[in-house]
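Student: Could you take me through one part of this model up close? I'd like to hear about the charged pairs and the residues around them.

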Amino acid sequence: MAVVLMMAVGSVSIGSVTVDSVAMAQQNQFPGVAPPVPSPAPPAIAPGPAAPQAMQQRSPARAPDLVQRRRGPPVAVPRGENDSFPDRATNCVHYGTAAGVQPGEIGQFTRNCVNN
């Protein structure tokens with residue numbers, strides 16, 4: 001009977017320790033533990049990137065150039081007034097292949113088109 005009584009007293013004391021620790025945890029007051037440090041203020045919002053500038057407008061397209069090819073009808077390749085050499089070369093390759101210029105002929109076609 002003494003054993004049963006000790007177990008009953010032991011469980012009561014454990015229960016009280018558990019209840020006390022829960023109450024202390026809710027108050028953030030554990031012995032030997034520093035209280036929590038509050039979070040720092042949120043950082044100020046840094047200025048973002050500059051507003052996008054208006055993109056440079058391409059010049060109005062002029063009438064397309066007709067570029068003769070070895071076999072078949074000529075190909076119309078559009079050009080802008082201020083197109084750079086790489087722009088002209090890209091247009092020549094794109095419009096030439098779209099018109100059916102063969103892979104073995106696209107180099108000569110592009111040279112004729114760019115220098116036209």
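Tutor: Here is a walk through the salt bridges, then a few residues from the surrounding elements. Bear in mind that this is a predicted model, where local features need pLDDT of at least 70 and side-chain atom pairs count only at pLDDT 80 or more, while totals for chains, interfaces and linings use all residues. Residues are numbered from 1 along each chain as its sequence is written, and side-chain values use heavy atoms, with hydrogens and water left out.

Side chains of opposite charge can pair when their charged atoms come close. Taking a salt bridge as a side-chain nitrogen of Lys or Arg within 4 Å of a carboxyl oxygen of Asp or Glu, the count here is two.

One of them joins Asp65 to Arg79, at 2.9 Å from N to O. That pair ties together distant parts of the chain, with Asp65 in strand E1 (residues 61-67) and Arg79 in strand E2 (residues 75-80), 14 residues apart. (Strands are DSSP runs of E, at least two residues, and helices are runs of H or I, at least four, numbered from the N terminus.) Both Asp65 and Arg79 are buried, where buried means under 20% relative accessible area, exposed over 50% and partly exposed in between, with a 1.4 Å probe and protein chains only.

The other bridge pairs Glu105 with Arg71, at 3.2 Å from N to O. It also links distant parts of the chain: Glu105 sits in the loop between H2 and helix H3 (106-114), Arg71 in the loop between E1 and E2, 34 residues apart. Glu105 has 12% relative accessibility, so it counts as buried, whereas Arg71 counts as exposed because its value is 56%.

Back in strand E1, look at Val67. Its relative accessibility is 2%, so Val67 is buried. Leaving out residues up to four places away in sequence, Val67 touches Pro74, Val75, Val77, Phe109, Asn112, Cys113 and Asn116; contact here means heavy atoms within 4.5 Å. Val67 and Val114 are 47 residues apart in sequence, with their C-alpha atoms 9.4 Å apart in space.

Val114 turns up again with Ala89, which contacts Thr110 and Val114 once neighbours within four places in sequence are set aside. Ala89 belongs to helix H2 (residues 85-98) and counts as buried because its relative accessibility is 19%. Ala89 and Thr110 are 21 residues apart in sequence and 6.5 Å apart from C-alpha to C-alpha.

Finally, Asp83 is in the loop between E2 and H2. A polar atom of the Asp83 side chain lies 2.8 Å from the backbone nitrogen of Gly80, and Asp83 counts as buried because its relative accessibility is 13%.

Key: A polar contact is a pair of N or O atoms within 3.5 Å; within protein, one must be able to donate a hydrogen and the other to accept it, and residues adjacent in sequence count only if both atoms are side-chain atoms.
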